[in-house]
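This report covers charged side-chain pairs and one helix. The sequence and structure come below.

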Amino acid sequence: MSEPVVGARPSGTARGETAAEGRPRFEALALPWLGDVYRAAVRLTGRAQDAEDLVQDTYIKAFAAFSTLREPDRIRPWLLKILGRLALDRHRTPSREVTVGDLTELDRFSLYDLVWDEDPLPYSDDLHRDFLAQFPDEDVRRALLALPELYRVPLVLLYVEDLSYRELAEALGCPVGTVMSRLHRARKILERELWECARRRGFVRGEDS
């Protein structure tokens with residue numbers, strides 16, 4: 001992926017720097033994390049072209065806001081927070097986005113109980129974990145990309161990019177409790193998708209078999 005063109009002028013400058021003076025410092029801090037930001041963008045969008053556009057916008061916005069960065073050693077999570085916010089703001093819809101459905105019904109969904117009842121891995125000591133381990137990366141990726149962005153963004157940034165709940169709340173502009181609620185439902189939707197994938201492949205029987 002080509003490096004983003006950082007052409008915007010910052011709204012302010014750190015330590016009285018001009019934009020020209022601040023740019024080398026920004027690039028020295030931010031560009032080493034370009035690969036991490038791009039990989040996160042691919043997980044969020046599912047398409048290389050969309051990911052490149054998102055990364056470009058992230059670096060332009062980050063450069064414009066560079067004077068607000070108070071902890072230079074925290075620039076990676078700062079960039080990822082900007083990326084997550086932009087991903088949500090774009091409101092892009094995948095070609096096949098999962099229908100969340102009734103939230104009460106979703107909250108009652110329990111992959112653990114379903115797997116326990118079917119017992120597809122009778123010799124497993126950790127049935128839930130071993131069941132999820134049966135899915136190749138592509139199945140997990142497809143299920144992840146089917147999640148609405150409202151749920152996919154925090155899930156990716158928490159489990160893949162290791163942002164904290166507090167950092168997620170800052171990135172998404174909502175209370176920590178809301179972040180936790182979205183993550184809870186994101187896990188439920190993802191597990192429901194993987195359960196349906198297992199049914200289609202005949203790995204489990206399902207309720208109507």
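Is R141 buried, partly exposed or exposed? With a relative accessibility of 35%, R141 counts as partly exposed, because that value lies between the limits of 20% for buried and 50% for exposed. The model is predicted.

## A pair within one helix

R141 has a salt-bridge partner in E138, and their closest N and O atoms are 3.3 Å apart. Both residues belong to helix α8, which runs over residues 137–146. They are 3 residues apart there, so about one helical turn separates them. E138 is also partly exposed, at 38% relative accessibility.

## The network around D36

Salt bridges with shared partners join D36, R39, R43, R76 and E161 into one network. Across the whole structure, the search finds 15 salt bridges.

One of these is the contact between the side chains of D36 and R76, with an N to O distance of 2.9 Å. D36 sits in helix α2 (residues 34–45) and R76 in helix α4 (residues 75–90), so this salt bridge ties together parts that are 40 residues apart in sequence. D36 counts as buried, because its relative accessibility of 18% is under the 20% limit.

## A link from a loop to α10

R74 and E167 also form a salt bridge, in which the closest N and O atoms are 1.7 Å apart. The two residues are 93 positions apart, and the pair links distant parts of the chain. R74 is in the loop between α3 (48–64) and α4, while E167 is in helix α10 (residues 165–172).

The two partners fall into separate accessibility classes: R74 is partly exposed, with a relative accessible area of 32%, whereas E167 is buried, with 5%.

## Helix α2

How far apart are the end C-alpha atoms of α2? The distance is 16 Å. This agrees with the expected span, because 12 residues at 1.5 Å a residue should also give 16 Å; the expected span is taken as 1.5 Å times one less than the number of residues.

D36 is one of the buried residues of α2. The others in that list are L34, V37, Y38, A40, A41 and L44. After α2 comes G46, which has a positive phi, near 80°.

Terms used:
Residues numbered from 1 in each chain as written. Predicted model: local features only at pLDDT ≥ 70, side-chain atom pairs only at ≥ 80, totals over all residues. Heavy atoms only, no water. Salt bridge = Lys/Arg side-chain N within 4 Å of Asp/Glu carboxyl O. Helix = DSSP H or I, 4+ residues; strand = E, 2+ residues; numbered from the N terminus. Buried < 20%, exposed > 50% of the residue type's maximum accessible area, 1.4 Å probe, protein only.
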